[in-house]
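Visitor: I am new to this structure. Could you walk me through it, please?

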Amino acid sequence: MSSSVVQSQETDISDVLVQLIAGQEQVFLRRQPRSTELIAQAREHLAGGATSNWQIAEPQAVWMSHGNGSKVYDVDGNEYVDMHGGYGASIAGHAHPAIVAAVSDRVRRGTHFAQPTEDAIWIAGELSRRFGLPLWRFANSGTEATMDAVHLARALTGRDLIIKVEGCYHGHHDSVQVSVLPDADEIGPRDHPIGVPGNSGIASAIRDLVIVVPFNDPDAVARALAEHRGQVAAMILEPVMMNAGIIPPDDGYLAAIRDLVHAEGALLIFDEVKTGFTTGPGGVTALTGVVPDMVCLAKALGGGIAVAAIGGTSTVMSAIADGRYEQVGTFNGNPLSMAATRATLTDVLTPQAYTHLEALANRLRTSLEAVIAQHGFGWQVVTVGAKGCVTFRRDPVREFRDFLQIDARLGHLHWLMQHNGGVFLPPWGKVEQWLLSVQHDEDDVDRFATNFARFSATLSRFGPGAVAP
Ligand SMILES: Cc1ncc(COP(=O)(O)O)c(C=O)c1O
């Protein structure tokens, strides 16, 4: 860095961050020449040179070779502690012996019949035990699960409107692609947020069926219900928001909104696609005891194989049982995903595994808080089970509008410094940070803490006031 960067409270952190990010991006690119080559090749026939837009990072996507235990390896041979966790899915770590055995056995005996296999019965029973909802169906992605849940709510109530929380992500189907990650200048007033399309291609007629409310505000839900009396089919939310950093619910919030929607004849849907097994064995549903009408699961459920599930009350799921709603899919409950899921629930997500995850989360949290205190940054460390993040802000984040105030460049610089220091995290660093797996150990979380200390020391030269609003 140039000596002209003045080390004082008054330093313009914008210039400093731009310089630091540019330097780290150079290091990043020097370490990954093979990824650069593959991206150039891929662009010929893979749109955008990747298989999902979320795989594209700045300065470039990281192409992977393999994973084992808590580690992943890129095509240049660099090893990383994997705390990206495949966007909240890889709680089993990589190549977990129980999942390898179950999947290998199933592959030899056929992976697709479009007919149920016995594992599905055991899994439905186990999910019922963990989440307190009696009836289940399977699908292949979180998007499908929340799509079925919204359809079911509309089918059961005969109503069209959905209440959705600003900043929650529920997958990429039309009914929920509203106000996912809108910009500050698009969102409108807090008491009547504007429904901002979360992608192109979303018909305005569908967007108009979504009423957006802030998180952690039961009064806003009451108001939305009153303003659309008799028209709301359901409210859908992540019971702990995990696509805008991590935003836990206030005490009593989930129970309050359940009572409000029920009083108006509407249903409550918990999207536990991300929280389902990362926060505990029965997700936020079991942690809080607030059992909604429907729970959506995916990600960690299959231990690394694509699978999703929708659970519901007898009343809700009767619409499937009697054919009023056709819940379908060629690969639903396919034997491969069922074998992986059964192994995950039996051998991976055990009570001992959650004790291990909690100990690691506490160790990491203690280390990070010590570094933050040392530099006087006042940032928040938020951990819920195996998921966690550092919020680069002095005040706790209670809703999406608080999250918008965080300087995204701090997250990106942190991501780059973790990456160059051998810890793999979700790109950009602001929306999502870490997931621990059952195969992580103390050395793994200590590597994260060491990189974090280096990142903090780099910033501390500019004074605590410069880096935390
Ligand atoms: C809370 C939540 N719901 C739904 C989804 C969609 O899941 P999928 O990407 O499997 O379709 C995601 C994905 O990140 C999610 O975080």
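**Helices and a sheet**

Guide: The crossing of H4 and H12 is right-handed. Keep in mind that this is a predicted model.

Visitor: How do H4 and H12 run relative to each other, roughly parallel or roughly antiparallel?

Guide: H4 covers residues 97–108 and H12 covers residues 335–348. They pack at an angle of about 155°, with axes 9 Å apart. Angles over 145 degrees count as roughly antiparallel. So H4 and H12 are roughly antiparallel.

Visitor: Which kind of residue, nonpolar, polar or charged, has eleven members in the contact of H4 with H12?

Guide: From H4, the residues include Ala98, Ile99 and Val103. They meet H12 residues, among them Leu336, Ala339 and Val348. One contact residue is polar and two are charged. The eleven are nonpolar.

Visitor: Now the sheet. Which are the edge strands?

Guide: The open sheet has three strands in the order E11-E12-E14, with antiparallel pairing. An edge strand here pairs on one side only. Those strands are E11 (380–384) and E14 (434–435).

Visitor: Which residue in E12 stands opposite Thr383?

Guide: E12 spans residues 387–391 and runs antiparallel to E11. Five bridges join the two strands. Opposite Thr383 stands Gly388.

Visitor: Which helix lies across E11, E12 and E14?

Guide: Look at residues 351–375. This helix runs at about 170° to E11. The helix is H13.

Key:
Residues are numbered from 1 along each chain as its sequence is written. This is a predicted model: local features need pLDDT of at least 70, side-chain atom pairs count only at pLDDT 80 or more; totals for chains, interfaces and linings use all residues. Side-chain values use heavy atoms; hydrogens and water are left out. Two strands pair if DSSP finds at least two bridges between them. Helices (H or I, at least four residues) and strands (E, at least two) are DSSP runs, numbered from the N terminus. Contact means heavy atoms within 4.5 Å. Axes are lines fitted to C-alpha atoms, for helices over the stretch in contact, and angles run from 0 to 180 degrees between N-to-C directions. Angles under 35 degrees count as roughly parallel, over 145 as roughly antiparallel, 65 to 115 as roughly perpendicular and the rest as oblique. A crossing is left-handed if the near helix is turned anticlockwise from the far one by less than a right angle, and right-handed if clockwise. Ala, Val, Leu, Ile, Met, Phe, Trp, Tyr, Cys and Pro count as nonpolar, Asp, Glu, Lys and Arg as charged, and the others, Gly among them, as polar.
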